[in-house]
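Open the structure in a viewer and keep the sequence panel beside it. The stops below are meant to be selected one after another.

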Amino acid sequence: MASGKERIKVLFASPEVMPFGGTGGLGEVAGSLPEAVNKLKGSQVECRVIMPLYGSVKDAFRRKMKFLGHTEIPVAWRSQYMGIFQLKKDGVVYYFVDNEYYFKRDRLYGFGDDCERFSYFSRAVLESALITGFVPDIIHANDWQTALATVFAKTIYAGKGLKTVFTVHNVEYQGRYGVNSLKDCIGLDPYDNHILRMGDDINLMKGAIECTDCFTTVSPTYARELTYPVSAFGLDGIIRDNEYKLTGILNGINVTDYDPSNDPSIEAAYSSEKLQGKKQCKRALQKDLGLSQSDAPMLTMITRLVAPKGIDIVMEMLDDLLYNHDMQFVMLGTGDQKYEDYFRELQYRHPDQVRSLIEFNTATAHRIYAAGDMLLMPSRSEACGLAQMIACRYGNVPIIRLTGGLADSIKEWNGSEGNGFTFYDYNGGELAYAVRRAMDLYSHKNKWRALVRHILNEDFSWARSAGEYHKLYTKLIKG
């Protein structure tokens, strides 16, 4: 264990890490937070990252990896091969757990044997030191896929003296499986099986919350919301029982990747001091999408088309807005078929105003952030959210519902403070009123430019979040 002037060793375990492989916000966090912690001035922490070596990891990264060795590790009643590769990038050491049977597949999750796959990965996290030589003081696990690492640390590996941190990124996905998985996939001492039992099934996230030394989630408001039945998907009682060790820490974004002054994906560079390039970005996108190159406000959405993102209340109000206002609307995203069909039909009804891009492309997303005047994010629930922070970074004014991390990052603009437009009641009328307030300010060009300049200077970097995690790690080890 770290003492004196020794750096605290943290192994950050995640099922996805960008740019190596990811499906959403967790991958962004795992690809940014450890680097930010390591780069803090006077940091007393060395954070390394471990993830599965998925088949989708690009050859460009594989060629830079060093093979450290291999062994056999237990998975319930059997043993499985574990190889470890290492790659150093941007001040962080990354470890990749190699097992082609589990991870050489066409996607990251969604398989019938996911419980076994991530039970294996969680054991690999604890066993990796045998090959890497990196013996952590703290295991920082993330979401249900690595939840068992915290359970194993307090049961099978209890004598190692490991501390654990567990972060809930999305409580909706908890790792619920039948009780047969206890024997077939997990392999705890039967005396400890109660840790995972919940009702007639097992729940991996429940076990992690019970076992971990402290757990976090990705915004202070979301941390409070998780104690309510409406937000916790059945875990509210467990979370309330363990609330004394819960902390909400707002995520950040990678401000190097999202930088309008140096973004190769957008038409022209711009900043708060030189705004002209933003107009060029808008004109270029309008031209490419076949929209009129006008100064009408451009409302944008970049989102997964699923119910928690508030698509139903967008459907309540958007036609009326388009019929009654000189405006444009550009949407980028994929998801549920009924929502994809709605946006296709919306473009059909408003061919001169709407472009619905039923796809996801990172470069296109950057272009829309840069071109847009307002970003719509009316989520029913949102643990943290990244799009509203990225939008600020590009001067695309967020219009958000006050929930989770949206409430912690976006405040109503009052002419000198704030960074967007907000509403609370979950209905189309309240959302439409917030959009109209934004469009009214947009009609006053000097006032609108003042808001755009203000949000372009907002600091959503990882430095603040990294500082909070640094404090948490230090307190956990040194008190």
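The tour starts with a strand and ends at a pocket.

This is a predicted model, in which local features need pLDDT of at least 70, side-chain atom pairs count only at pLDDT 80 or more, and totals for chains, interfaces and linings use all residues. Residues are numbered from 1 along each chain as its sequence is written, and side-chain values use heavy atoms, with hydrogens and water left out. Helices (H or I, at least four residues) and strands (E, at least two) are DSSP runs, numbered from the N terminus.

**Stop 1: strand S1**

Select residues 8–13, which form strand S1. Of the 6 residues in S1, 5 are buried, and the strand is mostly covered. Buried here means under 20% relative accessible area, exposed means over 50%, and partly exposed lies in between, with a 1.4 Å probe and protein chains only.

Now add strand S2, residues 45–52, which pairs with S1 in the parallel sense over 6 bridges. Two strands pair if DSSP finds at least two bridges between them. Val10 has Cys47 of S2 as its bridge partner. Strand S6 (138–142) also pairs with S1 in the parallel sense, over 4 bridges. Here Leu11 is bridged to Ile139 of S6. In a regular strand the side chains alternate between the two faces of the sheet.

**Stop 2: Tyr473 and the core**

Which residues does Tyr473 touch? Leaving out residues up to four places away in sequence, the list is Ile8, Val10, Phe12, Val37, Val45, Ile138, His140 and Val165. Contact means heavy atoms within 4.5 Å.

Tyr473 also belongs to the largest nonpolar core, which has 167 residues. Such a core is a set of buried Ala, Val, Leu, Ile, Met, Phe, Trp, Tyr and Cys residues joined through side-chain atoms within 4.5 Å. The residues with the most contacts inside this core are Ile186, Leu318, Phe329, Phe343, Ile399 and Tyr473. Helix H19, residues 428–442, gives the largest share of this core, 8 residues.

**Stop 3: three loops**

Go to the loop between S1 and helix H1 (25–30), where Pro19 lies. A cis peptide bond joins Met18 and Pro19, with omega about 10°.

Next, select Asp143 in the loop between S6 and helix H7 (147–154). Its phi is near 60°, a positive value in a residue other than glycine. Is Asp143 buried or exposed? Asp143 counts as buried, at 8% relative accessibility.

The third loop, between helix H11 (229–232) and helix H12 (236–241), holds Phe233. Phi of Phe233 is near 50°, also positive in a residue other than glycine. Phe233 is partly exposed, with a relative accessible area of 40%.

**Stop 4: Gly25**

Gly25 is in helix H1 and is partly exposed, with a relative accessible area of 39%. Show Cys384 as well: the two residues are 359 residues apart along the chain, and their C-alpha atoms are separated by 8.8 Å.

**Stop 5: helix H16**

Select residues 362–371, helix H16, which is mostly covered, with 7 of its 10 residues buried. The buried residues are Thr364, Ala365, His366, Ile368, Tyr369, Ala370 and Ala371. Among the elements that cover them are H13, strand S14 (328–332) and helix H17 (387–393).

**Stop 6: cavities and a pocket**

On a 1 Å grid over the protein atoms alone, a cavity is a set of points where a 1.4 Å probe fits but cannot get out, and a pocket is an open set with protein on both sides within 12 Å along at least five of seven lines; lining residues have an atom within 4 Å of a point. Grid points are joined across faces, edges and corners, and a volume is the space filled by probe spheres set on the points.

How many cavities of 30 Å³ or more are there? The count is 2. The largest cavity has a volume of about 50 Å³, and its lining includes Glu28, Tyr258 and Trp462. The second largest cavity, about 30 Å³, has Phe12, His140 and Tyr469 among its lining residues.

Finish at the second largest pocket, with a volume of about 420 Å³. Its lining has 15 residues, of which Lys279, Asp373, Tyr442, Trp448 and Arg449 lie nearest its centre. Helix H13 (276–289) and helix H20 (445–456) are the elements that give two or more residues to this lining.
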